[in-house]
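Trainee: Could you take me through one part of this model up close, and then step back to the whole chain?

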Amino acid sequence: MQTFLTILAVLLIIAAIALFLLYHFGQKLQIRQAESQKAIDTYSQTVSLLAIDKKKMKLKAAPFPAEVYEKTPIYLRHLSVYVVKAKIGPKIVNLMCEKNVFEQIPLKVTIQGKISGAYLTEITKGAVPTEKMIEKRRKEKAKAEKKAAKNK
């Protein structure tokens with residue numbers, strides 16, 4: 001019984017240390033993410049672009065300069081990124097974006113979006129509605145009709 005309690009105490013101490021380290025690491029990442037988001041918002045600009053192609057690929061295989069791969073933290077280098085090949089004015093550029101933006105981008109259609117460097121942050125005009133957006137609109141419409149019928 002004594003050894004069981006000793007093992008249990010050691011496991012609890014290890015678990016407490018692990019939780020503390022995860023909490024501390026998470027706080028640092030959250031601060032870093034807030035700073036990055038502030039920089040992205042500062043340097044973002046609205047442009048008109050024509051999406052030529054879009055793919056999901058590994059960061060190393062993506063058509064970005066070597067600096068992008070080298071400056072990426074080691075723990076994120078193995079992840080896949082969403083890449084959009086777009087024509088902005090006379091130039092053809094490769095942009096990185098998040099999954100929700102990637103799903104909204106229609107191909108071969110001119111859209112307006114906000115970019116910050118080589119990062120496409122959002123689609124402001126011309127996005128393809130996703131299933132979630134369509135369902136949300138249906139619910140809002142049904143709610144408005146119900147409210148109008150109740151007021152009559």
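**Strand pairing, from the inside out**

Mentor: Let's start with one rung of the ladder: Leu50 has Thr110 as its bridge partner in β4. Before going on, bear in mind that this is a predicted model, where local features need pLDDT of at least 70, side-chain atom pairs count only at pLDDT 80 or more, and totals for chains, interfaces and linings use all residues. Residues are numbered from 1 along each chain as its sequence is written, and side-chain values use heavy atoms, with hydrogens and water left out.

Back to that rung. Six bridges join β1 to β4, and the two strands run antiparallel; strands pair here if DSSP finds at least two bridges between them. The elements themselves are DSSP runs numbered from the N terminus, helices being H or I of at least four residues and strands E of at least two. β1 covers residues 45-58 and is also joined to β2, residues 80-88, by eight bridges, again antiparallel. Along that seam, Lys55 has Val83 as its partner in β2. Now follow Val83 across to β3, where its bridge partner is Met96. β2 and β3 (residues 91-97) are antiparallel too, with seven bridges between them. They make a hairpin with two residues in between, and Gly89 in the turn has a positive phi of about 65 degrees.

Stay on β1 for a moment and look at Lys56, which sits in that strand. Its relative accessibility is 53%, so it counts as exposed (exposed is over 50% relative accessible area, buried under 20%, partly exposed in between, with a 1.4 Å probe and protein chains only). Ser80 is 24 residues away along the chain, yet the two C-alpha atoms are separated by 6.4 Å. Setting aside neighbours within four places in sequence, Lys56 is in contact with Ser80, Val81, Tyr82 and Phe102, a contact being heavy atoms within 4.5 Å.

Two loop residues are worth a click as well. Thr72 lies between α2 (66-71) and β2, and at 14% relative accessibility it counts as buried. Not counting residues up to four places away in sequence, Thr72 touches Leu59 and Arg77. Lys108, in the loop between α3 (99-104) and β4 (110-116), is exposed with a relative accessible area of 61%. Most residues other than glycine have a negative phi. Lys108 has a positive phi of about 60 degrees although it is not a glycine.

Now zoom out. The chain has four helices and five strands, and from the N terminus on they run α-β-α-β-β-α-β-β-α. The radius of gyration is 23 Å, well over the 15 Å that the globule rule gives for 152 residues, so the chain is more spread out than a compact globule; the radius is taken over C-alpha atoms, and the rule is 2.2 Å times the number of residues to the power 0.38. Along its principal axes, the C-alpha trace spans about 70 × 60 × 25 Å. Buried residues make up 18% of the 152. Among contacts between residues at least 6 apart in sequence, 53% join residues at least 24 apart.
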